[in-house]
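Biologist: I'm new to this one, so could you walk me through it? I'll keep asking how you know things.

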Amino acid sequence: MSLTLYFHPLSSYCHKVLIALYEKDLPFEKRAVDLGNDAERAALLALWPIGKFPVLHDEAHGRTVPESSIIIEYLDGLCAKPRMIPADPDEALQVRLQDRFLDLYVHSPMQKIVGDRLRPPGEADPFGVKEAKARLELAYGMLDARLRDRTWIEGEHFTMADCAAAPPLFFGSMLVPFETGYPALGAYFERLKQRPSYARALAEARPFLHMVPRERDESSLSTGGE
Ligand SMILES: N[C@@H](CCC(=O)N[C@@H](CS)C(=O)NCC(=O)O)C(=O)O
(Lines give C-alpha, C1' and ligand atoms only; values in the text may rest on other atoms or scores of the structure.)
Protein backbone atom coordinates (compact mmCIF):
# COMPACT_ATOMS: atom_id res chain seq x y z
CA MET A 1 0.00 0.00 0.00
CA SER A 2 1.41 3.38 -0.98
CA LEU A 3 -0.19 5.72 1.57
CA THR A 4 0.58 5.57 5.29
CA LEU A 5 -1.11 7.92 7.73
CA TYR A 6 0.76 8.54 10.98
CA PHE A 7 -2.01 9.34 13.39
CA HIS A 8 -3.52 9.05 16.85
CA PRO A 9 -7.07 7.70 17.25
CA LEU A 10 -8.12 10.69 19.39
CA SER A 11 -6.41 13.38 17.35
CA SER A 12 -8.95 15.81 15.97
CA TYR A 13 -6.61 16.94 13.18
CA CYS A 14 -6.17 13.30 12.19
CA HIS A 15 -9.95 12.94 12.07
CA LYS A 16 -10.01 15.88 9.64
CA VAL A 17 -7.75 13.96 7.23
CA LEU A 18 -9.54 10.64 7.80
CA ILE A 19 -12.79 12.26 6.66
CA ALA A 20 -11.16 13.27 3.35
CA LEU A 21 -9.63 9.80 2.91
CA TYR A 22 -13.01 8.17 3.51
CA GLU A 23 -14.79 10.63 1.19
CA LYS A 24 -12.40 9.56 -1.55
CA ASP A 25 -12.39 5.90 -0.53
CA LEU A 26 -8.61 5.82 -0.92
CA PRO A 27 -6.72 2.77 0.37
CA PHE A 28 -4.17 3.63 3.05
CA GLU A 29 -2.44 2.12 6.04
CA LYS A 30 -2.89 3.61 9.49
CA ARG A 31 0.16 3.85 11.73
CA ALA A 32 -0.87 4.83 15.28
CA VAL A 33 1.72 6.97 17.06
CA ASP A 34 2.04 6.92 20.84
CA LEU A 35 4.07 10.03 21.65
CA GLY A 36 4.94 8.46 25.00
CA ASN A 37 6.77 5.65 23.23
CA ASP A 38 10.35 6.73 22.43
CA ALA A 39 10.66 4.70 19.22
CA GLU A 40 7.30 5.81 17.84
CA ARG A 41 7.97 9.43 18.75
CA ALA A 42 11.40 9.24 17.06
CA ALA A 43 9.81 7.76 13.91
CA LEU A 44 7.36 10.67 13.74
CA LEU A 45 10.07 13.26 14.41
CA ALA A 46 12.17 11.76 11.60
CA LEU A 47 9.30 12.49 9.22
CA TRP A 48 8.26 15.85 10.65
CA PRO A 49 10.48 17.40 13.34
CA ILE A 50 7.56 19.47 14.63
CA GLY A 51 6.27 16.15 16.02
CA LYS A 52 2.56 16.71 15.42
CA PHE A 53 0.23 14.38 13.60
CA PRO A 54 -1.25 13.74 11.09
CA VAL A 55 1.62 13.07 8.69
CA LEU A 56 1.05 11.27 5.41
CA HIS A 57 3.77 9.27 3.69
CA ASP A 58 3.31 8.36 0.04
CA GLU A 59 5.75 5.57 -0.74
CA ALA A 60 4.96 5.46 -4.47
CA HIS A 61 5.83 9.13 -4.97
CA GLY A 62 8.51 9.37 -2.27
CA ARG A 63 6.63 12.20 -0.54
CA THR A 64 6.07 12.98 3.12
CA VAL A 65 3.28 15.47 3.72
CA PRO A 66 2.52 17.05 7.13
CA GLU A 67 -0.28 19.47 8.10
CA SER A 68 -3.90 18.42 7.71
CA SER A 69 -4.94 21.01 5.10
CA ILE A 70 -1.86 20.32 2.97
CA ILE A 71 -2.47 16.58 3.23
CA ILE A 72 -6.03 17.08 1.98
CA GLU A 73 -4.77 19.21 -0.93
CA TYR A 74 -2.28 16.45 -1.68
CA LEU A 75 -5.04 13.83 -1.63
CA ASP A 76 -7.04 15.94 -4.11
CA GLY A 77 -4.00 15.74 -6.40
CA LEU A 78 -3.93 11.96 -6.11
CA CYS A 79 -7.66 11.46 -6.49
CA ALA A 80 -9.89 14.27 -7.71
CA LYS A 81 -13.19 12.52 -6.99
CA PRO A 82 -14.75 13.90 -4.99
CA ARG A 83 -12.75 17.13 -4.83
CA MET A 84 -12.32 18.58 -1.35
CA ILE A 85 -11.08 21.88 -2.81
CA PRO A 86 -12.97 23.14 -5.87
CA ALA A 87 -11.13 23.51 -9.18
CA ASP A 88 -12.47 27.04 -9.62
CA PRO A 89 -9.89 29.44 -8.09
CA ASP A 90 -12.45 31.76 -6.47
CA GLU A 91 -14.35 28.87 -4.94
CA ALA A 92 -11.08 27.27 -3.81
CA LEU A 93 -10.11 30.53 -2.08
CA GLN A 94 -13.39 30.53 -0.14
CA VAL A 95 -12.88 26.93 0.97
CA ARG A 96 -9.32 27.71 2.09
CA LEU A 97 -10.56 30.76 4.00
CA GLN A 98 -13.19 28.69 5.83
CA ASP A 99 -10.60 25.99 6.50
CA ARG A 100 -8.29 28.60 8.09
CA PHE A 101 -11.21 30.05 10.06
CA LEU A 102 -12.11 26.62 11.43
CA ASP A 103 -8.54 25.67 12.30
CA LEU A 104 -7.62 28.99 13.88
CA TYR A 105 -10.83 30.08 15.58
CA VAL A 106 -12.59 26.80 16.41
CA HIS A 107 -9.92 24.10 16.49
CA SER A 108 -7.22 26.13 18.28
CA PRO A 109 -9.44 27.37 21.13
CA MET A 110 -10.84 23.87 21.53
CA GLN A 111 -7.29 22.51 21.81
CA LYS A 112 -6.42 25.26 24.30
CA ILE A 113 -9.28 24.25 26.61
CA VAL A 114 -8.50 20.51 26.42
CA GLY A 115 -4.76 21.14 26.64
CA ASP A 116 -5.22 23.15 29.81
CA ARG A 117 -6.72 20.09 31.47
CA LEU A 118 -3.51 18.18 30.75
CA ARG A 119 -1.15 20.78 32.18
CA PRO A 120 0.95 19.92 35.23
CA PRO A 121 -0.38 20.90 38.66
CA GLY A 122 -0.02 24.63 39.25
CA GLU A 123 0.43 25.40 35.53
CA ALA A 124 -3.22 25.95 34.59
CA ASP A 125 -4.05 29.03 32.54
CA PRO A 126 -7.61 30.07 33.52
CA PHE A 127 -7.37 33.43 31.73
CA GLY A 128 -6.27 31.72 28.50
CA VAL A 129 -9.13 29.23 28.83
CA LYS A 130 -11.61 32.08 29.38
CA GLU A 131 -10.33 33.78 26.22
CA ALA A 132 -10.54 30.50 24.29
CA LYS A 133 -14.15 29.97 25.39
CA ALA A 134 -15.05 33.51 24.27
CA ARG A 135 -13.38 32.91 20.90
CA LEU A 136 -15.27 29.65 20.46
CA GLU A 137 -18.57 31.42 21.18
CA LEU A 138 -17.70 34.13 18.64
CA ALA A 139 -16.87 31.50 16.01
CA TYR A 140 -20.03 29.52 16.81
CA GLY A 141 -22.09 32.65 16.20
CA MET A 142 -20.42 33.29 12.84
CA LEU A 143 -20.90 29.66 11.79
CA ASP A 144 -24.52 29.68 12.92
CA ALA A 145 -25.26 32.74 10.76
CA ARG A 146 -23.44 31.19 7.80
CA LEU A 147 -25.24 27.85 8.06
CA ARG A 148 -28.79 29.27 8.14
CA ASP A 149 -29.00 28.95 4.35
CA ARG A 150 -26.31 26.36 3.58
CA THR A 151 -26.19 22.58 3.81
CA TRP A 152 -22.41 22.51 4.11
CA ILE A 153 -19.93 25.25 4.99
CA GLU A 154 -19.53 26.35 1.38
CA GLY A 155 -23.02 25.56 0.12
CA GLU A 156 -24.24 22.37 -1.49
CA HIS A 157 -20.85 20.64 -1.84
CA PHE A 158 -19.02 18.91 0.99
CA THR A 159 -15.45 20.29 1.02
CA MET A 160 -12.24 20.50 3.04
CA ALA A 161 -13.99 23.12 5.18
CA ASP A 162 -16.44 20.45 6.37
CA CYS A 163 -13.55 18.07 7.07
CA ALA A 164 -12.07 20.90 9.17
CA ALA A 165 -15.36 21.60 10.97
CA ALA A 166 -16.50 18.20 12.20
CA PRO A 167 -13.70 17.20 14.63
CA PRO A 168 -13.36 20.48 16.58
CA LEU A 169 -17.15 20.81 16.75
CA PHE A 170 -17.37 17.31 18.20
CA PHE A 171 -14.87 18.06 20.96
CA GLY A 172 -16.00 21.69 21.22
CA SER A 173 -19.58 20.59 21.94
CA MET A 174 -18.33 18.85 25.10
CA LEU A 175 -16.59 22.02 26.29
CA VAL A 176 -18.81 24.88 25.12
CA PRO A 177 -22.11 23.35 23.95
CA PHE A 178 -23.75 24.90 20.88
CA GLU A 179 -26.79 22.67 20.33
CA THR A 180 -29.32 24.99 21.99
CA GLY A 181 -27.91 28.50 21.51
CA TYR A 182 -26.90 28.02 17.86
CA PRO A 183 -29.66 26.01 16.13
CA ALA A 184 -28.30 26.19 12.57
CA LEU A 185 -24.88 25.08 13.78
CA GLY A 186 -26.49 22.29 15.83
CA ALA A 187 -28.45 21.08 12.79
CA TYR A 188 -25.29 21.21 10.66
CA PHE A 189 -23.42 19.12 13.22
CA GLU A 190 -26.22 16.54 13.08
CA ARG A 191 -25.78 16.41 9.26
CA LEU A 192 -22.04 15.95 9.74
CA LYS A 193 -22.59 13.00 12.08
CA GLN A 194 -24.84 11.39 9.44
CA ARG A 195 -22.20 11.81 6.72
CA PRO A 196 -20.71 8.31 6.19
CA SER A 197 -17.09 9.56 6.09
CA TYR A 198 -17.35 11.34 9.44
CA ALA A 199 -19.59 8.67 10.97
CA ARG A 200 -16.83 6.16 10.20
CA ALA A 201 -14.03 8.35 11.63
CA LEU A 202 -16.09 8.94 14.77
CA ALA A 203 -16.99 5.27 15.18
CA GLU A 204 -13.29 4.38 15.02
CA ALA A 205 -12.50 7.01 17.68
CA ARG A 206 -15.29 6.00 20.07
CA PRO A 207 -13.38 3.17 21.84
CA PHE A 208 -10.75 5.78 22.83
CA LEU A 209 -13.03 8.66 23.82
CA HIS A 210 -12.94 7.75 27.51
CA MET A 211 -9.33 9.03 27.45
CA VAL A 212 -10.44 12.61 26.69
CA PRO A 213 -10.06 14.63 29.90
CA ARG A 214 -13.55 15.86 30.86
CA GLU A 215 -12.38 18.12 33.65
CA ARG A 216 -9.05 19.40 34.78
CA ASP A 217 -7.31 16.46 36.42
CA GLU A 218 -4.25 17.47 38.41
CA SER A 219 -2.81 13.96 38.18
CA SER A 220 -3.24 13.22 34.46
CA LEU A 221 -0.74 13.79 31.70
CA SER A 222 -1.81 12.17 28.44
CA THR A 223 0.15 11.34 25.31
CA GLY A 224 -2.89 11.52 23.09
CA GLY A 225 -4.44 14.09 20.83
CA GLU A 226 -7.60 16.07 21.38
N1 LIG B 1 -1.56 22.45 12.15
C2 LIG B 1 -1.53 21.02 12.40
C3 LIG B 1 -2.01 20.76 13.82
C4 LIG B 1 -1.78 19.30 14.21
C5 LIG B 1 -2.02 19.07 15.69
O6 LIG B 1 -2.23 20.00 16.49
N7 LIG B 1 -1.98 17.80 16.06
C8 LIG B 1 -2.13 17.42 17.46
C9 LIG B 1 -3.18 16.35 17.60
S10 LIG B 1 -4.79 16.92 17.13
C11 LIG B 1 -0.84 16.84 17.98
O12 LIG B 1 -0.04 16.32 17.22
N13 LIG B 1 -0.66 16.88 19.29
C14 LIG B 1 0.48 16.30 19.93
C15 LIG B 1 1.50 17.32 20.36
O16 LIG B 1 1.33 18.52 20.08
O17 LIG B 1 2.48 16.91 21.00
C18 LIG B 1 -2.37 20.29 11.34
O19 LIG B 1 -3.24 20.94 10.73
O20 LIG B 1 -2.13 19.10 11.09
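Modeller: Sure, and keep in mind that this is a predicted model. Let's start with the ligand: 11 residues surround it, and the closest are Ser11, Lys52, Phe53, Glu67 and Ser68.

Biologist: What makes a residue count as near the ligand?

Modeller: One of its heavy atoms has to lie within 4 Å of the ligand. By class, that shell has 4 nonpolar, 4 polar and 3 charged residues.

Biologist: How do you know that the side chain of Lys52 has a polar contact with the ligand?

Modeller: The cut-off for a pair of N or O atoms is 3.5 Å. An N or O atom in the Lys52 side chain is 2.7 Å from an oxygen atom of the ligand, so the pair qualifies as a polar contact. Glu67 has a side-chain N or O atom 2.7 Å from a nitrogen atom of the ligand, and a polar side-chain atom of Ser68 is 2.6 Å from a ligand oxygen. As for cover, the ligand has 510 Å² of accessible area on its own, and the protein covers 83% of that.

Biologist: On to the helices. Why are H5 and H7 called roughly perpendicular?

Modeller: Helix H5 (residues 126-146) and helix H7 (residues 183-194) pack at about 80 degrees, with axes 7 Å apart. Roughly perpendicular means 65 to 115 degrees, so H5 and H7 fit that label. Tyr140, Leu143 and Asp144 of H5 make the contact with Pro183, Ala184 and Leu185 of H7. By class, that contact has 5 nonpolar, no polar and 1 charged residues.

Biologist: And what makes H6 and H7 roughly perpendicular?

Modeller: Helix H6 (residues 160-175) packs against H7 at about 105 degrees, with the axes 10 Å apart. That angle falls in the 65 to 115 range, so H6 and H7 are roughly perpendicular to each other. Here Asp162, Ala165, Ala166, Leu169 and Phe170 in H6 meet Leu185, Tyr188, Phe189 and Leu192 in H7. This contact has 8 nonpolar, no polar and 1 charged residues.

Biologist: Which kind of peptide bond links Phe53 to Pro54?

Modeller: That bond is cis, with omega near 10 degrees. Pro54 lies in the loop between helix H2 and strand S3. Another cis bond joins Lys81 and Pro82, with omega about -10 degrees, and Pro82 is in the loop between helices H3 and H4.

Biologist: What makes Asp25 worth a mention?

Modeller: Most residues other than glycine have a negative phi. Asp25 has a positive phi, near 60 degrees, and is found in the loop between helix H1 and strand S2.

Note on methods
Residues are numbered from 1 along each chain as its sequence is written. This is a predicted model: local features need pLDDT of at least 70, side-chain atom pairs count only at pLDDT 80 or more; totals for chains, interfaces and linings use all residues. Side-chain values use heavy atoms; hydrogens and water are left out. A polar contact is a pair of N or O atoms within 3.5 Å; within protein, one must be able to donate a hydrogen and the other to accept it, and residues adjacent in sequence count only if both atoms are side-chain atoms. Accessible areas come from the Shrake-Rupley method with a 1.4 Å probe; for residues, only the protein chains shown count as cover. Ala, Val, Leu, Ile, Met, Phe, Trp, Tyr, Cys and Pro count as nonpolar, Asp, Glu, Lys and Arg as charged, and the others, Gly among them, as polar. Axes are lines fitted to C-alpha atoms, for helices over the stretch in contact, and angles run from 0 to 180 degrees between N-to-C directions. Helices (H or I, at least four residues) and strands (E, at least two) are DSSP runs, numbered from the N terminus. Angles under 35 degrees count as roughly parallel, over 145 as roughly antiparallel, 65 to 115 as roughly perpendicular and the rest as oblique. Contact means heavy atoms within 4.5 Å.
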